[in-house]
Amino acid sequence: MQDIILIGSGGCMRELLWQIQELNKEIPTWNVLGYVDKQPDTGDVTVGEQICPYLGDDDFLLAKTEDTNVMMCVGEPWLRQKIVKKLLLNQNLKFPCICIDSAKTCDDLVMGQGCIISMDCRISTNVRLGDFVFLNTGAKICHDGTVGSYTTLGPDVTLAGNVTAGEGCCFGLGAKVIQGISIGKNVTAGAGAVVIKNLPDGITAAGIPAKQIKGCQET
């Protein structure tokens, strides 16, 4: 197994640690050394029967002088991007893509670094993911999809065929996007939203069908 360090201490990290445990039962893959968090000494985290020790804050990783695998366990796109930008200053940090064994992906999937494909996800043919894309449990991307860097698909989100989503987007629980839609950067689609029209950059949309409820997001 390869050693890896998790980033974050919240629910996202604990769920992903559980998924790693499940993956290791089928294919021993990742040995979790512990986690880092910006908060000082948040204590050990227990998931199932595994204790995940606190290792330090971001400086712990920035001081690494040997190749170190790191997994970004942060759901919010803007925060994930902020942390990654800082950690990329250390070229010894490596961000492998993690695909849980129960996920199904086509062999022609193209991914950047640091992507996470959670259990029960489905990714069809000719799909491209940018860097640090996060698919939560049960998310689906149909044929010919493109998803920009740092975008998050919440549990049970479905992007139909030929959907393009820009970087930094966040799709809430169960959101759906019909075929051929184009979504801009930094867009939030609320839980249960059904997107049937193209969405411009920086808005929040919700409802069935999804309608804009907020303007450009603050940065």
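## The parallel sheet

Strand 2 and strand 5 (residues 54-56) pair in the parallel sense over two bridges; helices (H or I, at least four residues) and strands (E, at least two) are DSSP runs, numbered from the N terminus, and two strands pair if DSSP finds at least two bridges between them. Within strand 5, Y54 is the bridge partner of Y35. The model is a predicted one, in which local features need pLDDT of at least 70, side-chain atom pairs count only at pLDDT 80 or more, and totals for chains, interfaces and linings use all residues. Residues are numbered from 1 along each chain as its sequence is written, and side-chain values use heavy atoms, with hydrogens and water left out.

The pairing of strands 2 and 5 belongs to an open sheet of five strands in the order 5-2-1-6-7, with parallel pairing. Strand 5 and strand 7 (93-94) are its edge strands, and each pairs on one side only. In general, the strands of a sheet pair through backbone hydrogen bonds, either parallel or antiparallel.

## Strand 2 and its neighbours

Strand 2 covers residues 30-36, and five of its seven residues are buried. Here buried means under 20% relative accessible area, exposed over 50%, and partly exposed in between, with a 1.4 Å probe and protein chains only. Strand 1 (residues 2-7) runs parallel to strand 2 and is joined to it by six bridges. Opposite V32 in strand 2 stands I4, while I7 stands opposite V36 in the same strand. Between strand 1 and strand 2 the chain passes through helix 1 (residues 11-26), and this β-α-β crossover is right-handed; that is, with the strands pointing away from the viewer, the path from the first strand over the helix to the second runs clockwise.

At the edge of this sheet, strand 5 contains L55. With a relative accessibility of 28%, L55 counts as partly exposed. L55 and G34 are 21 residues apart along the chain, and their C-alpha atoms are separated by 6.1 Å.

## The two sides of helix 3

Helix 3 spans residues 77-87, and its buried residues are P77, R80, I83, V84 and L87. Seen down the axis of helix 3, these buried residues fall within an arc of 135°, so they line one face of the helix; the arc is that of the directions from the helix axis to the C-beta atoms. On the other side of helix 3, the residues W78, K82 and K85 are exposed.

## An enclosed cavity

Rolling a probe the size of a water molecule over the atoms shows where empty space is left. On a 1 Å grid over the protein atoms alone, a cavity is a set of points where a 1.4 Å probe fits but cannot get out, and lining residues have an atom within 4 Å of a point. Grid points are joined across faces, edges and corners, and a volume is the space filled by probe spheres set on the points. By this rule there is one cavity of 30 Å³ or more, and the largest cavity holds about 40 Å³ of space.

The lining of the largest cavity consists of V70, M71, M72, F95, P96, I98, G114, I116 and F132. Strand 6 (residues 68-72) supplies the largest share of this lining, three residues. By class, eight of the lining residues are nonpolar, one is polar and none is charged; Ala, Val, Leu, Ile, Met, Phe, Trp, Tyr, Cys and Pro count as nonpolar, Asp, Glu, Lys and Arg as charged, and the others, Gly among them, as polar.

## The mixed sheet

Eight strands form an open sheet in the order 8-11-14-17-20-23-25-26, and its pairing is mixed. Strand 8 (98-99) and strand 26 (211-214) stand at the edges with a single partner strand each, so one side of each is left without a neighbour in the sheet. Strand 26 pairs with strand 25 (residues 204-206) in the antiparallel sense over three bridges. In strand 26, K211 is the bridge partner of A206.

## Backbone exceptions in loops

Most residues other than glycine have a negative phi, and most peptide bonds are trans. A cis peptide bond joins I208 and P209, with omega about -5°; P209 is found in the loop between strand 25 and strand 26.

Although N162 is not a glycine, its phi is positive, at about 60°. N162 lies in the loop between strand 18 (158-159) and strand 19 (164-165), and at 42% relative accessibility N162 counts as partly exposed. N186, also not a glycine, has a positive phi of about 55°. The loop between strand 22 (182-183) and strand 23 (188-189) holds N186, which counts as partly exposed at 30% relative accessibility.

Methods. 1 Å grid on protein atoms, 1.4 Å probe; cavity = no way out; pocket = protein on both sides within 12 Å on 5 of 7 lines; lining within 4 Å.
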